[in-house]
Amino acid sequence: SQITIVGYASRTSSRADLRISLDRALQTKAALLKLNPKLLINVSGYGSTTNKACAQLKNICAVVTVIKK
C-alpha cells in the first residue's frame, strides 16, 4: 500500500502555515507508525490551501490517503 498524508492549517502567515501543516502531517505519520512501524508514508504540508474535506474543521486537519497496490 502507498500512504500519503497531507497536512493543512488555518490562515495565519504563509511561512507559519506551511510549517504548521507539515508538523500536523508528521504528527499523524508518527501516530500511524506507532501502530505499524513497517508502513511507508509520504508526508507534505499544503499550508492554508483549502481542502473541502477540512472545511468544517477550519482547515485544521491532515488528510490520509491509502492506495492499495
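Which residue forms a salt bridge with Asp 23? The partner is Arg 19, and the closest N and O atoms of the two are 2.6 Å apart. A salt bridge here is a side-chain nitrogen of Lys or Arg within 4 Å of a carboxyl oxygen of Asp or Glu.

## About the model

This is a predicted model, in which local features need pLDDT of at least 70 and side-chain atom pairs count only at pLDDT 80 or more, while totals for chains, interfaces and linings use all residues. Residues are numbered from 1 along each chain as its sequence is written, and side-chain values use heavy atoms, with hydrogens and water left out.

## Overall fold

Let us start with the whole chain. One helix and three strands make up its secondary structure (DSSP runs, H or I of at least four residues for helices and E of at least two for strands, numbered from the N terminus). Along the sequence they follow the pattern β-α-β-β. The radius of gyration of the chain is 12 Å, close to the 11 Å from the globule rule for 69 residues, so the chain is as compact as a globular protein of that length. That radius is taken over C-alpha atoms, and the rule is 2.2 Å times the number of residues to the power 0.38.

Of the 69 residues, 23% count as buried. Buried means under 20% relative accessible area, exposed over 50%, and partly exposed in between (1.4 Å probe, protein chains only).

## The helix and its two faces

Helix α1 covers residues 14-35. On its buried side we find Asp 17, Ser 21 and Ala 25. Seen down the axis of α1, these buried residues fall within an arc of 65°, so they line one face of the helix; the arc is that of the directions from the helix axis to the C-beta atoms. They pack against β1 (2-7) and β2 (41-45). The face turned away from the buried side carries the exposed residues Arg 15, Gln 27 and Lys 34.

The salt bridge belongs to this helix too: Asp 23 and Arg 19 both lie in α1, four residues apart, about one turn of the helix. Asp 23 is partly exposed at 28% relative accessibility, and Arg 19 is partly exposed at 45%. The structure holds one salt bridge.

## An aromatic pair between loops

The structure also holds one aromatic pair. The ring centres of Tyr 8 and Tyr 46 are 5.8 Å apart and their planes stand at 80°, so the pair is edge-to-face. Rings of Phe, Tyr and Trp (its six-membered ring) pair if their centres lie within 6.5 Å; planes under 30 degrees apart count as stacked, over 60 as edge-to-face and the rest as tilted.

Tyr 8, in the loop between β1 and α1, is buried at 6% relative accessibility. Tyr 46, in the loop between β2 and β3 (62-67), is partly exposed at 41%.

Technical notes. The expected span of a helix is 1.5 Å times one less than its number of residues. Contact means heavy atoms within 4.5 Å.
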